[in-house]
Amino acid sequence: MSCKDQKETGNVLSVEVYETSADGNNLTKVEPFQVSDSATVITINENKTFQTITGFGGAFTESSAYLLNRLSEKNRDTIINAYFSREGANYSLTRTHMNSCDFSLSQYSYSPVAGDMNLDHFTIEADQPDLIPMIKDAMAASENGFKIFASPWTAAPWMKDNNEWVGGSLLPKYYDTWALFFSKYIDAYKAEGIPIWGFTVENEPHGNGNNWESMHFTPREMTDFVQFHLGPKLEADGHGDKIILGYDQNRAGLREWVDVMYENEATSKYFDGTAIHWYESTYEVFPEELQYAHNKAPDKYLIETEGCVDSEVPAWKDDKWYWSKEATDWGWDWAAEDQKYLHPKYAPVNRYARDIIGCLNNWVDGWVDWNMVLDKQGGPNWFENWCAAPVIVDPDKDEVYFTPLYYTMAHFSKFIRPGAQVIGVDNPDKDLMVTAAKNPDGSIAFVIFNEGMENKNYTVRFRESEISINLGAQSLQTVLIPVTN
């Protein structure tokens, strides 16, 4: 019986269902059918409301932008539209790096002249060949627009106590210079026609094992820098509307950071929210830490600003790999013995779907993927820190591969729009992960993930209507409930 036929029999919920599955569906619109064994009834409760969504998306990196410039115009446009058009994933929240990062072709800074405390020689020239054109193309393709925030991996070595790209701390005598750096960045990008929504203060302030660009802050050092330098400088320069997100590293460390950032009204004043990464574990969401961070500052942003399947050379044109448990991460080899349980072999699709749903169910309001485009090696990366990305390309052959990770991201970014409000879901089946949000236009996006190897048919109930839907093994579905219900 089709959805249309069911409507004629009574109180049947009108829906559109989109599915990505190990069987081969890739954000495919499927027809819900009446099933006889759907013992699981999942109820959407729009009267129970949680956080407002800021957006979903990925990062503009020099590596991704460089690869796009090596592709044909046709394939470049295909990728840009796939990410940013309404017909595609319609990304709404994005990130980029200030100065170089590991996913750059080399190490560089916008402040190349040592001792230039007034930044008279500030320049974003390094971003002109690749990064800025990619952002502009994305802006042209995006009908709805998107927010962009920037993150520094490190200040130029001359501002740091170790005079190195890697590790070390910002010298206190350069705190005002570094705050000016953010302000000049806003102005430089504005001159290019690119509005910056905000910043994270420092990518991974604990460092990254002294491998690539990094700069260390303690919670108190970062809070003091924001309270007495960055916040006042942006305000004085007319940039007081720019968002400042603190922390920007793994969730397990959230408590010590939010306790200092939000210690009192003065320390909290310039922080608009908290940024987090998932590398402590791509299996465990750390709900208690997320709940703690939300409760500490319930009116501020809580955004996942970076996640990817790291320490892997991505599989090329092999969808099965992205659904299999062969993938590992850095912790498989390098985590301390008592932490290895957080880093099991785990399917890449499962990591993304489980994490985004888990985050949405624990007050996170935005989720940003890392590189949008990488090559078959998982680079380019000057440190050879290979990673996977949703879109993989072979620039030598001008070939593009949309992995299942792209479609997984689109299940959220395309259907849960900025301004949506996460709403309650009563789900009796603990083997299924579910979340739901009510969009500004009144439509409901309900996302359900079955990572198991058995079919899990279910009935979704909303208001006085319901419909039963086939959910196969290893399937991710977005059920869109139109405004008309």
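1. In this predicted model, an open sheet is built from 9 strands, which follow one another in the order β2-β1-β20-β17-β16-β15-β3-β18-β19, and the pairing within this sheet is mixed. The edges are formed by β2, at residues 28-30, and by β19, at residues 465-469, and each of these strands pairs on one side only. If you compare neighbouring strands of the sheet, you will find them turned against each other by 30 degrees on average, with direction ignored.

2. One pairing inside the open sheet is worth following residue by residue. Strand β17, which covers residues 444-450, and strand β20, which covers residues 475-481, are joined in the antiparallel sense over 7 bridges. To find one of these bridges on the structure, look for V447, whose bridge partner in β20 is T478.

3. The closed barrel should be read separately from the open sheet. The barrel has 8 strands, running β4-β5-β6-β7-β8-β9-β10-β11, and their pairing is parallel. From one strand to the next, the twist averages 25 degrees. As an example of the parallel pairing, β7, at residues 198-200, is joined to β8 by 3 bridges, and within this part of the barrel F199 has I244 of β8 as its bridge partner.

4. A helix can be placed against the strands of the barrel. Helix α4, made of residues 131-141, lies across β4 (55-60), β5 (93-98) and β6 (147-152), and the direction of α4 makes an angle of about 150 degrees with that of β4.

5. Which residues lie closest to the centre of the largest pocket? They are N208, W212, D310, W330 and N385, out of the 26 residues that line this pocket. The volume of the largest pocket is about 600 Å³. Two elements, β8 (243-250) and α11 (330-334), give two or more residues to the lining, and the largest share, 3 residues, comes from α11. By residue class, the lining of the largest pocket divides into 10 nonpolar, 10 polar and 6 charged residues.

6. The cavity needs to be kept apart from the pocket in your reading. Rolling a probe the size of a water molecule over the atoms shows where empty space is left. For cavities of 30 Å³ or more, the count comes to 1, and the largest cavity holds about 40 Å³ of space. Its lining consists of Y262, G273, T274, A293, H294, A297, K300, Y301 and L302. At least two residues of this lining are supplied by each of β9 (273-277), α9 (287-296) and β10 (301-306). The lining of the largest cavity is divided into 5 nonpolar residues, 3 polar residues and 1 charged residue.

7. The aromatic side chains deserve a point of their own. A pair of aromatic rings is described by the distance of the centres and the angle of the planes. The count for this model comes to 41 aromatic pairs. One of them is the pair of F84 and F146, which is tilted, with 4.9 Å from centre to centre and 40 degrees between the planes. Because F84 lies in helix α3 (residues 73-84) while F146 lies in the loop between α4 and β6, this pair ties together parts that are 62 residues apart in sequence.

8. Two details of the backbone should be checked with care. Most residues other than glycine have a negative phi, and most peptide bonds are trans. Against that background, G379 and P380 are joined by a cis peptide bond, with an omega of about 5 degrees, and P380 belongs to the loop between β12 (373-375) and β13 (391-394). The other detail is L27, which is not a glycine and yet has a positive phi of about 55 degrees; L27 is found in the loop between β1 (16-21) and β2.

Conventions: Residues numbered from 1 in each chain as written. Predicted model: local features only at pLDDT ≥ 70, side-chain atom pairs only at ≥ 80, totals over all residues. Heavy atoms only, no water. Pairing = 2+ DSSP bridges. Helix = DSSP H or I, 4+ residues; strand = E, 2+ residues; numbered from the N terminus. Axes fitted to C-alpha atoms, helices over the stretch in contact; angles between N-to-C directions. 1 Å grid on protein atoms, 1.4 Å probe; cavity = no way out; pocket = protein on both sides within 12 Å on 5 of 7 lines; lining within 4 Å. Points joined across faces, edges and corners; volume = space filled by probe spheres on them. Nonpolar A, V, L, I, M, F, W, Y, C, P; charged D, E, K, R; others polar. Contact = heavy atoms within 4.5 Å. Phe/Tyr/Trp six-rings, centres within 6.5 Å; stacked < 30°, edge-to-face > 60°.
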